[in-house]
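This briefing introduces a model of protein chains and DNA strands to a reader who is new to structures. Please look over the sequence and the structure below before reading on.

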Number of protein chains: 2
Amino acid sequence: MGVRKLAVTVIEHSFVLQSGELLSRWVEAFPSAVAVAADGVGVSEELLLWVRIPQGQSPELLLGSIKRRVNVNTKLIALSDTPNDDEGLACLSAGASAYINTHATPEALRQVAEVVGQGGLWIGASLMQRLLRSSVALVATQPTTKNKLHVLTGREREVAEAVARGDSNKEIAKQLNITERTVKAHTASLFEKLGVRDRLQLALAVNAQRYL
Amino acid sequence: MGVRKLAVTVIEHSFVLQSGELLSRWVEAFPSAVAVAADGVGVSEELLLWVRIPQGQSPELLLGSIKRRVNVNTKLIALSDTPNDDEGLACLSAGASAYINTHATPEALRQVAEVVGQGGLWIGASLMQRLLRSSVALVATQPTTKNKLHVLTGREREVAEAVARGDSNKEIAKQLNITERTVKAHTASLFEKLGVRDRLQLALAVNAQRYL
DNA sequence: GTAGATACTGTACCTTGGTACAGTAAAACG
DNA sequence: CGTTTTACTGTACCAAGGTACAGTATCTAC
């Protein structure tokens, strides 16, 4: 048994269940696994707390309430019967260290436990790709654009700001008291300097700086 | 040896090095490991390609050029002597499946190989937290986004997303396998429904929902 | 079965954006 | 002093975006 005596009992693998029993694959993966009700956590000191997310319930609430009652170094692992990216993200942002299918193979479960036990986070490929897609572009463009923003002249910066607000050339011309032709000259210069192809991408690049 | 004969030689663990030799911990982790020069990849068929990122060099370029020459199912793992989040992000967005310290323990290396070998991605806790911070907000606000965008049809939402990325009508048409004319129909409908006048303002509106 | 929503496409036309080629004028720097 | 940088403008042309008017094909709901 992976149970040691301290001030309180330390349990290596605790499975939080709404109802029902431990699945056979969990026991297969961790013979020392024990089941516990949602309101029974925090009595012993758990190392890894596997939480089965009930269908159609908010993962944030459940995980949040559990997290408040357990030791700070207890790691939460969310188990989902029907995993999807949104739920996974919710679980991870609620403080879970991993998010996987309830019916994952014992080998997979052990791998997750390994990673999480060493302080890591475990995320499936699908969700990971999504995370990367959404924030890599954002962060990846940052150095590129940022490095180049300081080479802009004062006027170019003004025009860039206006474009980033969604203004048309005509509007920008009126704002700056110059002709539309001159605005075009500035935008052309901006595209060149910032390596973008049109005003839309310029706007996105400039705005990307604001966030992050 | 983890080497099998096929049409070409298949190597399980290949380490791409600028100069020098295999580190002892690499050999300890993978006795079958072989070293290869950056321009020597793709000759054999590698399964896992460990790439040591040279100091102060752009990971994107190196990984990009390597990725172009290897088999599609070859997994790249970036090794960094001085890991940091920015470099890690660069490596991952350049197509690496993992990013870890060059001098990680053999156990850690094997763990990474395990995860990546099963199609997963491996990211350290620090970088992961950063990714979560920047994109959790994003998806956490999704319900809000949906509130404003719930009047949109499925197709309209797809087009809106593409516009928000800065894609042109032609590009969107190709992506969705429809004519440019149909894209225009969708965008026109989007302008109307969301009360914006052109694609630039649509992009800003959609993106504004994401951050906040 | 008919009305409405969704998705798709065509022709035509006008507007806006972007670029090529060209030039003036003032300030800045060596 | 001359060269470079910044700011500005003109004419002209083409591509992309956007709109008007119109039509077909599903599918769902009453």
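The expected span of a helix is 1.5 Å times one less than its number of residues. For the 12 residues of helix H4 (residues 106–117) of chain B, this rule therefore gives 16 Å, and the end C-alpha atoms of H4(B) are indeed 16 Å apart, in agreement. The model is predicted. The points below treat helix H4, the contacts with DNA, and several individual residues.

**Helix H4 in the two chains**

- Helix H4 (residues 106–117) of chain A also has 12 residues, an expected span of 16 Å and end C-alpha atoms 16 Å apart, so expectation and model agree.
- In chain B, the buried residues of H4 are Pro106(B), Leu109(B), Gln111(B), Val112(B), Ala113(B), Val115(B) and Val116(B).
- In chain A, burial within H4 applies to Pro106(A), Leu109(A), Gln111(A), Val112(A), Ala113(A), Val115(A) and Val116(A).
- As background, an α-helix has 3.6 residues a turn, so residues three or four places apart point the same way.

**The surface around DNA strand D**

- There are 17 residues around DNA strand D, and those that come nearest are Thr153(A), Thr179(A), Arg181(A), Thr182(A) and Arg199(B).
- Four helices each supply at least two residues of this surface: H6 (154–165) and H8 (180–194) of chain A, and H8 (169–176) and H9 (180–194) of chain B.
- The greatest contribution, four residues, is that of H8(A).
- Sorted by class, the surface near DNA strand D contains three nonpolar, seven polar and seven charged residues.
- Sugar or phosphate accounts for 60% of the atoms of DNA strand D within 4 Å of the protein, and bases account for the rest.
- Two contacts involve phosphate oxygens of DNA strand D: a polar side-chain atom of Thr182(A) lies 2.6 Å from one, and a backbone N or O atom of Arg199(B) lies 2.7 Å from one.
- A base is also contacted, for an N or O atom in the side chain of Arg181(B) is 3.1 Å from a base nitrogen of DNA strand D.

**The surface around DNA strand C**

- Among the 17 residues around DNA strand C, the nearest are Arg199(A), Thr153(B), Thr179(B), Arg181(B) and Thr182(B).
- At least two residues of this surface come from each of H7 (169–176) and H8 of chain A, and from each of H7 (154–165) and H9 of chain B.
- H9(B) provides the largest share, with four residues.
- The classes represented near DNA strand C are three nonpolar, seven polar and seven charged residues.
- Of the atoms of DNA strand C within 4 Å of the protein, sugar or phosphate makes up 60%, and the rest belong to bases.
- Phosphate oxygens of DNA strand C lie 2.4 Å from a polar side-chain atom of Thr153(B), 2.9 Å from a polar side-chain atom of Arg155(B), and 2.7 Å from a backbone N or O atom of Arg199(A).

**A strand pair in chain B**

- Strand E5 (residues 75–80) of chain B is mostly covered, with five of its six residues buried.
- E5(B) runs parallel to strand E6 (residues 98–101) of chain B, and four bridges join the two.
- Within this pair, Ile77(B) stands opposite Ala98(B) in E6(B).

**Cysteines**

- A disulfide is a covalent bond between the sulfur atoms of two cysteines.
- A search of the whole structure, over all chains, finds zero disulfides.
- Cys91(A) has a relative accessibility of 0% and therefore counts as buried; Cys91(B), also at 0%, counts as buried too.

**Residues in loops**

- Asp167(B) belongs to the loop between H7 and H8 of chain B.
- The relative accessible area of Asp167(B) is 13%, and buried means under 20%, so Asp167(B) is buried.
- The side chain of Asp167(B) is joined to that of Gln175(B) by a polar contact of 2.8 Å.
- Most residues other than glycine have a negative phi.
- Asn177(A), although not a glycine, has a positive phi of about 55°; Asn177(A) sits in the loop between H7 and H8 of chain A and, at 72% relative accessibility, counts as exposed.
- Asn177(B) likewise has a positive phi, near 60°; Asn177(B) is in the loop between H8 and H9 of chain B and is exposed, with a relative accessible area of 70%.

How values were computed. Residues are numbered from 1 along each chain as its sequence is written. Chains are lettered from A and ligands numbered from 1 in the order in which they are written. This is a predicted model: local features need pLDDT of at least 70, side-chain atom pairs count only at pLDDT 80 or more; totals for chains, interfaces and linings use all residues. Side-chain values use heavy atoms; hydrogens and water are left out. A residue is near a molecule or strand if one of its heavy atoms lies within 4 Å of it. A polar contact is a pair of N or O atoms within 3.5 Å; within protein, one must be able to donate a hydrogen and the other to accept it, and residues adjacent in sequence count only if both atoms are side-chain atoms. Ala, Val, Leu, Ile, Met, Phe, Trp, Tyr, Cys and Pro count as nonpolar, Asp, Glu, Lys and Arg as charged, and the others, Gly among them, as polar. Buried means under 20% relative accessible area, exposed over 50%, partly exposed in between (1.4 Å probe, protein chains only). A disulfide is a pair of cysteine sulfur atoms within 2.5 Å. Two strands pair if DSSP finds at least two bridges between them.
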